Every structure is written in C-alpha cells, then in structure tokens.
Amino acid sequence: MVIHEIISRCIRLMRDNNSDNPIFESHIIIRHCLKMQAIDLVLQKNREITPVQEKKILSVAQRRASGEPLQYILGSQEFMGLEFKVTPDVLIPRADTEILVEYILEKYPGSKGMLALEIGTGSGCIPVSLAVYNKRAFFKAVDISEKALEVARFNAKKHNVSGHISFICSDIFSFNTSGRFDVIISNPPYIETDVIPALDKTVRDYEPIGALDGGPDGLMFYRQIIKKAPVLLNDLGMIVFEIGYNQAEAVASLMEEHFHHIEIIKDLSGNDRVAAGTLKAKNKF
C-alpha cells in the first residue's frame, strides 16, 4: 500500500464514523505515525509503507473513529503557540482558555512582575504559558490530582519554566498557603452535574469527570474560591475565572460581595468566557 491509498482509507473510515474533519485528522494521524511533515504527504504520495506501518495507522484511525480524542491519542495539544503534553488525567487545553491567558498578559505584561495562584492547574497550560510570556511571573499551581500534576511538571520543564512554578497537590476545600498573591486564576469545573451525561462522547467518555463537574448548578467551585480569595490576595489583588457561556451573571453576582470593577470578556465566538474583578478595599485586611 502507498501513502495516498492509506490516506483515502483513513478518510473513508473517519467519514463512516461522522468525523467533523476527516481529511485533516487523517493527515495528522498519518504524519504522526510515519513521522512526516505535511508536504511529504504530497511529495511522497506514491511511497510504499510497510505492513507494520499500515497496521499502526489503521489502529490509531480506528481509535479516533471510535470517539477517543485525537489529542489523547497523539499525546499533545497546542495552546498559546506552545505544545503541551496531555493525557487522560487532564483536560485538553482549549482555544477558549487562551482568552483568559491573554487577558492576564494585558494586565501583567512581561515588564510587570506577578505572583499568582492557580487553582485547578490540570496540564499546567495556564501558568506555563504565562511564565513563558512573562519572565517576571511566578506561580503556585494547585490540583487535587497528583497524576495531573505530573503532566503539569513535565510541561513546565519542557518549556524551561520549572523555576517559576511551584506545584501543590490539594483541593480547594482544604488548601492553605502562606503569603498573598497579586492574582488568583482558575478554570474550575463548571458544568452542571445533570448536564454531563448529555455532553459529546469525546468529552463525557474520555476527559476526567472531576475536572468537568461543577456541582448541581455548576457554581460550586466559584463559591469556594471566592469565599477564600480575600485572605489570599494582596491589596487590589485580582481574581480571574474562566466561565461557561451562560454563567456570567451568576458568577458576577457571587463576586460582588468581595470584588468590584467586574469585567466579563467574550471569546472569539461572542460567548461570555472570562470573569475578572478587583478586591474591594474593605476586604484587604
């Protein structure tokens, strides 16, 4: 079998299983398995592949056609122009979360130092990206999963920012730390418990439920983080959340007791995506 034939076979397999991007995903799978560049698929379209290579390609394609996310199969995902290791122990970084990172970089560009706490770091994509683009930023990054922290540590080392991030295994309900922070950052679980069974199978069946389930109304972790925030933040400290598309009003209402100058930032699709606010003066001490 030659390369253009295995491409056609993969595309048919993807289409038969209702893939949204059968051509793109087939090319990615074949490039990954054969360790080729995109242009090579064209220039070497008549190159023979071995039976072992054919078997490997079809095995990977079948996993994807069955619903397993391509990022988990390949073990990586791009975020903020950087490549991150991902495993089923962490959520797959998404472009929507780049809105949160870009917002923080606007407030704390590379010329401005920052000590930040991230709650629920997962793959570490948020603090690692911020540390790459702001060399004066330092972080404590918390996650309840030690396996997730292993992935996050790998990504910090990969991008040479391990010295900027201290990883802590804890949950928000029992987390305690000395010192105060300029910013608290969190992309917490925010999907309503009853909604999870209706999620796309690529999310519901493969991504860690603990990183998705935000309780009956999706707001459980926002409440806990906002409650703890005043004793963790410096004067005029900020809190920055990623939120669900329909949660802006509810999260802003929760923030109002301790925060003002609350902003809601939309993503590129026009959906509410980030909620941010500054600690009120009466909450400084």
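**Two helix pairs and how they pack**

In this predicted model, T97, L100, V101, I104 and L105 of α6 meet I126, S129, L130 and Y133 of α7, where a contact means heavy atoms within 4.5 Å. By class, these contact residues comprise 7 nonpolar, 2 polar and no charged (Ala, Val, Leu, Ile, Met, Phe, Trp, Tyr, Cys and Pro count as nonpolar, Asp, Glu, Lys and Arg as charged, and the others, Gly among them, as polar). Helices are DSSP runs of H or I with at least four residues, numbered from the N terminus.

Two packed helices are described by the angle between their axes and the distance between the axes. Helix α6 spans residues 95–107 and helix α7 residues 125–133; their axes come within 10 Å and cross at roughly 40° (axes are lines fitted to C-alpha atoms over the stretch in contact, and angles run from 0 to 180 degrees between N-to-C directions). The crossing angle therefore makes α6 oblique to α7 (under 35 degrees is roughly parallel, over 145 roughly antiparallel, 65 to 115 roughly perpendicular, and the rest oblique). The crossing of α6 with α7 is right-handed, meaning that the near helix is turned clockwise from the far one by less than a right angle.

Now to the second pair. Helix α1 (residues 3–16) packs against helix α2 (residues 22–34) at about 130°, with the axes 9 Å apart, and the two are therefore oblique to each other. Here, too, α1 passes α2 in a right-handed crossing. Among the residues that meet are I3, I6 and R15 in α1 and P22, E25 and L34 in α2. This contact has 11 nonpolar, 2 polar and 2 charged residues.

Residues are numbered from 1 along each chain as its sequence is written, and side-chain values use heavy atoms, leaving out hydrogens and water. Local features need pLDDT of at least 70, side-chain atom pairs count only at pLDDT 80 or more, and totals for chains, interfaces and linings use all residues.
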